[in-house]
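Student: I am new to this structure and would like a close look at a single part of it. Please take the salt bridges and go through them slowly.

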Amino acid sequence: MQPKQVLEYAAKNNAKILDLRFADVPGVWQHVSFPIAELTEESFTEGFGMDASSIRGWAAIHESDMLLAPDPNTCFMDAFREVPTLCMIADAVDPITKQPYSRDTRQIAKKAEAYLGYSGVADQAFFGAEAEFFIFDNIRFESLPQHAFYYIDAEEGRWNSGRAEHNLGYRPRYKEGYFPVPPTDHYMDLRTEMTTQMAACDMHVECHHHEVASGGQCEIDVRYETLVKSADNLMKFKYIVRNVAYQYGKTVTFMPKPLFGDNGSGMHTHQSLWLKGKPLFAGDSYAGLSQTALWYIGGLLKHAPAIVAFAAPTTNSYKRLVPGYEAPVNLAYSRRNRSAAVRIPMYSPSPKAKRLEFRPPDPSCNPYLAFSAMMMAGLDGIENKINPGNPLDKDIYDLEPEELKQVPSLPGSLDESLRALEDDHKFLLKGDVFSEEFIDLWIEFKRKNEIDPVRMRPHPYEFQLYYDI
């Protein structure tokens with residue numbers, strides 16, 4: 001869409017407000033609003049000034065002036081505002097050099113796409129993320145020097161089966177929430193409303209369903225797109241899901257593991273490379289893959305410990321990624337084994353449908369960084385012809401201990417994954433996609449703001465374990 005067409009679209013929809021969206025470093029959408037009269041054709045090149053000093057991970061206060069340049073191809077009307085509001089995703093630009101701002105994570109994703117074309121391996125990378133989430137009715141939490149707690153409630157939670165007051169039953173059993181019809185699935189209509197709003201924002205929804213966990217775990221699958229557009233769509237996805245739920249008096253979390261004893265929320269990420277309109281991952285090797293695809297898998301598996309520093313980027317992520325609980329922690333590939341880090345879907349024999357599914361990511365990630373890191377690892381595998389080894393088609397739980405030792409696994413904590421990133425990030429620096437400065441920033445931010453604060457606080461379960469020791 002051209003700038004002139006955006007202005008016509010705004011006038012057609014009687015827009016009164018322009019809202020520019022951008023992601024901070026952890027990956028949470030931020031916004032700033034302007035009267036629609038401030039939007040002109042020149043705005044798309046001149047940008048809008050803003051103070052970036054309080055944006056997490058962005059500039060220090062002495063260099064905080066920033067420009068936001070709206071991307072005309074991202075415009076949509078916000079269905080949740082009372083006043084007609086035109087939204088666009090914006091890129092951050094340095095006001096002095098007029099260059100893309102190095103800490104704007106969307107710019108990193110755009111550089112990743114540019115590097116793909118420069119590499120000559122492919123000209124398109126497609127990503128399709130299956131982001132799971134929970135719908136709760138009430139959430140309370142607090143962390144103070146003398147007490148800490150969280151309390152979750154959900155009408156659909158199996159723990160409410162013994163409730164004395166108004167109780168109609170029909171709640172998924174723990175780990176048995178996959179695909180029940182209503183009324184056991186409480187949220188079919190709510191998910192349908194979410195998909196309707198996504199369609200209004202030019203997102204192609206393929207299906208939606210209840211997920212495995214009790215307590216309102218759901219999944220909505222959005223059709224794959226090119227790397228940057230898929231990341232943009234995931235940001236819109238989170239916004240729409242949260243706001244529809246909020247309108248219905250519900251609250252949504254994309255935390256990977258909010259409930260103990262039931263399944264966590266992952267974000268299995270499908271990916272494929274294409275060149276000149278032809279798929280590169282279809283062939284006559286294992287599971288119908290090409291040699292290119294196998295090398296791509298080799299890159300993913302080799303660099304997976306570093307990738308998850310971006311793709312499973314919270315301390316909570318590693319409460320989902322626990323060995324022995326059907327978590328995708330095993331650094332192997334398979335067309336059958338869902339505990340393998342890489343799975344090859346076998347739903348369709350069509351070469352166009354041939355893709356890989358990287359299973360460790362979760363929806364707490366910044367998609368611009370996670371998708372870029374995955375693609376750069378896969379490209380490194382292709383460029384260096386990294387052998388992924390033999391597929392893991394056995395049941396991981398039937399393996400003998402000695403055989404299991406031969407299967408490497410993911411880091412067991414965010415701290416370990418950050419150490420892996422420190423030791424293994426040269427593949428991310430190719431084409432200046434990531435920079436040493438940004439990687440150092442990411443590691444410092446995570447350690448200072450997440451790892452150390454969690455490590456320093458007593459855990460409630462420790463009182464059960466140790467109070468009388």
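Tutor: A salt bridge here is a side-chain nitrogen of Lys or Arg within 4 Å of a carboxyl oxygen of Asp or Glu. The model is predicted, and side-chain atom pairs count only at pLDDT 80 or more. In general, side chains of opposite charge can pair when their charged atoms come close.

Start with Asp452 and Arg455, whose side chains meet in a salt bridge at 2.6 Å, N to O. Both residues belong to helix α11, which covers residues 436–456. They are three residues apart in that helix, about one turn. Asp452 counts as partly exposed, because its relative accessibility is 29%, and partly exposed is the range between under 20% for buried and over 50% for exposed. Arg455 has a relative accessibility of 53%, so Arg455 counts as exposed.

Next comes a pair in another helix. The side chains of Asp415 and Arg419 form a salt bridge with an N to O distance of 3.0 Å. Helix α9, residues 414–423, holds both Asp415 and Arg419. Here the spacing is four residues, again about one turn of the helix. Asp415 has a relative accessible area of 18%, so Asp415 is buried. Arg419 is partly exposed, because its relative accessible area is 38%.

These two pairs can now be put together. Asp415, Arg419, Asp452 and Arg455 are linked in a network of salt bridges that also includes Glu422 and Arg447. The network therefore takes in a buried residue, Asp415, as well as an exposed residue, Arg455.

One further pair is worth setting beside them. The side chains of Arg163 and Glu165 meet in a salt bridge, with 4.0 Å from N to O. Glu165 is exposed, because its relative accessible area is 51%, and the cut-off for exposed is over 50%.

How many salt bridges are there by this rule? The count comes to 27. The pairs described above are among them: Asp452 with Arg455, Asp415 with Arg419, and Arg163 with Glu165.

To trace the part on the model, begin at helix α11 and find Asp452 and Arg455. Then go to helix α9 for Asp415 and Arg419. Finally, look for Glu422 and Arg447, which are linked with these four in the network of salt bridges.

Definitions and conventions: Residues are numbered from 1 along each chain as its sequence is written. This is a predicted model: local features need pLDDT of at least 70, side-chain atom pairs count only at pLDDT 80 or more; totals for chains, interfaces and linings use all residues. Side-chain values use heavy atoms; hydrogens and water are left out. Buried means under 20% relative accessible area, exposed over 50%, partly exposed in between (1.4 Å probe, protein chains only). Helices (H or I, at least four residues) and strands (E, at least two) are DSSP runs, numbered from the N terminus.
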